[in-house]
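Visitor: I am new here and would like a tour. Could you show me around?
Guide: Gladly! Here it comes.

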Amino acid sequence: MNDDFSSKWGYRLKWLYTLLVVVTLMLPVFFVMYISFNEHGFGARDYDFTFEWYGVIFSDLLLMDAITSTLILSIITLLIVVPMGLITAKLYKKTQYPLLVVSLMLSPLFVPSDILGAALLVFFKNLNATFTAFGEWVGVRWFDEWFDLGYFSAIIGLIIYTLPYVFVVILITMGRYREEQTEAARSCGATAWQAFWHVEFPQIKAGVFSSCAFTIILCFNEYTRTSLLKGGFDTFTTVLVSQMLNEGMSEQSYAMSSLVSYIAIVVIGSIIIFTLVRSERLERIARVKAQPLMAS
């Protein structure tokens, strides 16, 4: 928002700088999109525009299996990590030690991904060996595969990776909510769940839905932890990285990468636009409500 004391050109330059930063960060993504429409693929001398590779991406069984596995990991992680982030954000609002809660929740961000992934790998390997030895000692094989590398270990790694982001996004949204509204609902006879669902959640749902979108995107982008903990199946990023390190990405891989980027941009963009429109509407309502008081 501009005012009478700021320069219009300074305001425009700030916007120009912001747009340049965004475009610079998005250049690699735009380049992948550009390549995905080339009939001859990456590195070709000629460029002929085509939609052909978008039509055959679903025939690549390796890529589709990887997408399916990544989608399963994303959905399970989302169902676990969003409630955890919401509960922890509510704890932050009520506890006498908010700094401790923030420190614990953000601590995974200070550990490099390869170190954390290797630590989890060693942990699950030793845990699996311990339970296997215990099963041999009692004479049963029921414990042998409890902690083998697979979906369970990969989901644990993704939860540790995504939970800090979910916590921060929901906490920022909850900053505008006042606990007095919950107390008022409880004094009117509402239960704790009814006060949350009918009073608090409608005001923080933008943050909850944003955290859901970020969780899905982060799970699709994660490579290091997942590659170390996934076991015998492939994910979207591991297939792309293995192709780049070996024979190079196929044309349908460029198309699938671009398609995932399109979906991410649309989802995040829709959330941002919805939040801005809703904030503008709430501000207009607040100004209208304040007018009689100002007049009086």
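Visitor: Which residue forms a salt bridge with Lys-90?
Guide: Before we start, this is a predicted model, in which local features need pLDDT of at least 70 and side-chain atom pairs count only at pLDDT 80 or more, while totals for chains, interfaces and linings use all residues. Residues are numbered from 1 along each chain as its sequence is written, and side-chain values use heavy atoms, with hydrogens and water left out. A salt bridge here is a side-chain nitrogen of Lys or Arg within 4 Å of a carboxyl oxygen of Asp or Glu. The closest N and O atoms of this pair are 2.8 Å apart, and the partner of Lys-90 is Glu-200.

Visitor: How many residues apart are Lys-90 and Glu-200?
Guide: Helices are DSSP runs (H or I, at least four residues), and they are numbered from the N terminus. Lys-90 belongs to helix H3 and Glu-200 to helix H8, so the salt bridge links distant parts of the chain. Helix H8 covers residues 192-221. The separation of Lys-90 and Glu-200 along the chain is 110 residues.

Visitor: Is Glu-200 buried or exposed?
Guide: Let us set the scale: buried means under 20% relative accessible area, exposed over 50%, and partly exposed in between (1.4 Å probe, protein chains only). Lys-90 is partly exposed because its relative accessible area is 23%. Glu-200 has a value of 1%, so Glu-200 is buried.

Visitor: How many salt bridges does the structure hold?
Guide: We have met Lys-90 with Glu-200. Another joins the side chains of Arg-225 and Glu-222, at 3.1 Å from N to O, and both of these residues are buried. Asp-234 and Lys-230 also meet in a salt bridge, at 3.8 Å. The total for the structure is four.

Visitor: Is Lys-230 buried or exposed?
Guide: Its partner Asp-234 is partly exposed because its relative accessibility is 35%. Lys-230 stands at 11%, so Lys-230 counts as buried.

Visitor: What area does the nonpolar surface patch have?
Guide: A patch is made of residues with over 30% relative accessible area and no salt bridge; like charges are joined within 9 Å, and nonpolar side chains (Val, Leu, Ile, Met, Phe, Trp, Tyr) within 5 Å. Accessible areas come from the Shrake-Rupley method with a 1.4 Å probe, and for residues only the protein chains shown count as cover. The patch is made by Leu-71, Ile-72, Ile-75, Ile-76, Leu-79, Ile-80, Met-84 and Tyr-151. Its area is about 630 Å².

Visitor: Which helix gives the largest share of the nonpolar patch?
Guide: One member, Ile-75, lies in helix H3, and Ile-75 counts as partly exposed because its relative accessibility is 42%. The largest share, seven residues, comes from residues 61-94, which is helix H3.

Visitor: Are the rings of Phe-37 and Phe-49 stacked or edge-to-face?
Guide: Rings of Phe, Tyr and Trp (its six-membered ring) pair if their centres lie within 6.5 Å; planes under 30 degrees apart count as stacked, over 60 as edge-to-face and the rest as tilted. The structure holds 18 aromatic pairs. The ring centres of Phe-37 and Phe-49 are 5.0 Å apart and their planes are at 15°, so the pair is stacked.

Visitor: Which of these is Phe-49, buried or exposed?
Guide: Phe-37 is buried, because its relative accessible area is 15%. Phe-49 has a relative accessibility of 53%, so Phe-49 counts as exposed.

Visitor: What kind of pair do Phe-49 and Phe-51 make?
Guide: Ring pairs link Phe-37, Phe-49, Phe-51, Tyr-54 and Tyr-262 into a cluster. The rings of Phe-49 and Phe-51 have centres 5.2 Å apart and planes at 90°, so this pair is edge-to-face.

Visitor: How many disulfides are there?
Guide: A disulfide is a pair of cysteine sulfur atoms within 2.5 Å. The sulfur of Cys-219 is 11 Å from the closest cysteine sulfur, in Cys-212, so the two are too far for a bond. By this rule the count of disulfides is zero.

Definitions and conventions
Helix = DSSP H or I, 4+ residues; strand = E, 2+ residues; numbered from the N terminus.
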